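Work through these short exercises with the model open beside you. Try each task before you read its solution.

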Amino acid sequence: MRLYQTAPGELYLEIDGKEAKLETDDSTAFVAVGLDRALGLLAALDRSAKLHLYQQHIRLGIFDTGLTIQEEFRPTLAVSQGGASLFLTDGQSIVLMDATGRVRKRLDLHYRLGAINCSSDGHRFVASDFDANVVRIYDGSLTPTHQRFAVDLLTEAKRAQLMASSATTSAALGPLAINNKGVLAFAVSGTVCVTSLSRMKALPRTS
């Protein structure tokens with residue numbers, strides 16, 4: 001399965017080489033899209049912060065997210081395998097939704113958000129703190145579990161390249177990824193770091 005956005009309001013889904021345009025309204029403009037490649041759940045966030053859900057080519061509905069689109073931040077979303085968990089953000093809040101369009105949790109941020117991603121099973125969520133360059137890990141219900149400065153993780157990581165790293169403490173974190181086992185990867189100034197939750201500071205649980 002492949003998903004293409006050819007214009008602000010045009011989405012095409014290709015399955016086994018056959019491409020079809022998805023149903024959208026004429027005035028719709030999407031600012032973020034995501035696809036579960038296992039079952040074909042497709043999520044698209046429009047400029048008015050409405051979430052459009054599709055099951056492959058079938059439109060399931062349009063749902064309120066409670067987010068507010070800001071001009072200075074490009075909204076992003078992440079979809080877990082099977083589409084059970086959808087993580088959306090407008091830069092000020094993160095919203096956890098399910099495949100029925102129900103908001104399960106909202107987390108208001110105390111930091112300026114960078115990148116986000118989730119593990120394929122949806123049990124882990126990772127976000128970067130844009131200003132402090134901190135990598136923050138949450139569980140599948142958006143409860144914080146681990147965090148650490150990216151530069152510390154880079155310093156401890158074993159070098160697997162001949163050229164010296166040019167990453168600095170002031171360089172912004174790039175893309176993030178995390179798997180079901182807690183292996184974490186992120187990029188800083190063209191350097192890719194692969195590490196794990198065991199290298200991060202565990203946060204105390206609140207009852």
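**Exercise 1. An edge of a sheet**

Which residue stands opposite H146 in strand 19?

Solution. Some ground rules come before the steps. This is a predicted model, where local features need pLDDT of at least 70, side-chain atom pairs count only at pLDDT 80 or more, and totals for chains, interfaces and linings use all residues. Residues are numbered from 1 along each chain as its sequence is written, and side-chain values use heavy atoms, with hydrogens and water left out.

Step 1. Find the elements. Helices (H or I, at least four residues) and strands (E, at least two) are DSSP runs, numbered from the N terminus. Two strands pair if DSSP finds at least two bridges between them.

Step 2. Take strand 15 (residues 144-149). Strand 15 runs antiparallel to strand 19, and two bridges join them. The residue opposite H146 is A202.

Step 3. Place the pair in its sheet. The sheet is open, with five strands in the order 12-13-14-15-19 and antiparallel pairing. Strand 12 (113-118) and strand 19 (201-202) are the edges, each pairing on one side only.

**Exercise 2. Two hairpins in a row**

Trace the chain from strand 16 to strand 18, and name the turn residues with a positive phi.

Solution. Step 1. Strand 16 (residues 173-178) pairs with strand 17 (residues 183-188) over four bridges, in the antiparallel sense. A177 has A185 as its bridge partner.

Step 2. Look at the turn. Four residues lie between strand 16 and strand 17 in this hairpin, and G182 has a positive phi of about 90 degrees.

Step 3. Go on to strand 18 (residues 191-196). Strand 17 and strand 18 are antiparallel, with six bridges. Here A185 stands opposite V194.

Step 4. The second hairpin has two residues between its strands, and S189 takes a positive phi near 50 degrees.

**Exercise 3. Positive phi outside glycine**

Is L142 buried or exposed?

Solution. Step 1. Recall the background. Most residues other than glycine have a negative phi.

Step 2. Locate the residue. L142 lies in the loop between strand 14 and strand 15. Its phi is positive, near 65 degrees.

Step 3. Apply the classes: buried means under 20% relative accessible area, exposed over 50%, partly exposed in between (1.4 Å probe, protein chains only). L142 has 1% relative accessibility, so it counts as buried.

Step 4. Repeat for Q56, in the loop between strand 6 (50-55) and strand 7 (58-64). Q56 is not a glycine, yet its phi is positive, about 55 degrees. Its relative accessible area is 30%, so Q56 is partly exposed.

**Exercise 4. The core**

How many residues does the largest nonpolar core have?

Solution. Step 1. Define the term. A nonpolar core is a set of buried Ala, Val, Leu, Ile, Met, Phe, Trp, Tyr and Cys residues joined through side-chain atoms within 4.5 Å.

Step 2. The largest one has 17 residues. V126, V135, I137, L184, F186 and M200 have the most contacts inside it.

Step 3. Ask which elements give two or more residues to this core: strand 14 (134-139), helix 1 (150-156), strand 16 and strand 17 do.

Step 4. Follow F186. Contact means heavy atoms within 4.5 Å. Not counting residues up to four places away in sequence, F186 touches residues including V135, L153, L176 and C193.

Step 5. Another core, of 16 residues, lies apart from the largest one; V31, A32, A43 and L88 are among its residues.

**Exercise 5. Salt bridges**

Which side chain meets R2 in a salt bridge?

Solution. Step 1. A salt bridge is a side-chain nitrogen of Lys or Arg within 4 Å of a carboxyl oxygen of Asp or Glu. The count by this rule is 11.

Step 2. The partner of R2 is E14, at 3.0 Å, N to O. R2 is in strand 1 (residues 2-7) and E14 in strand 2, so the pair ties together parts 12 residues apart in sequence.

Step 3. Compare the burial of the two. R2 is partly exposed at 48% relative accessible area, whereas E14 is buried at 15%.

Step 4. Try one more pair. E156 and R199 form a salt bridge at 3.6 Å, N to O. E156 is in helix 1 and R199 in the loop between strand 18 and strand 19, 43 residues apart.
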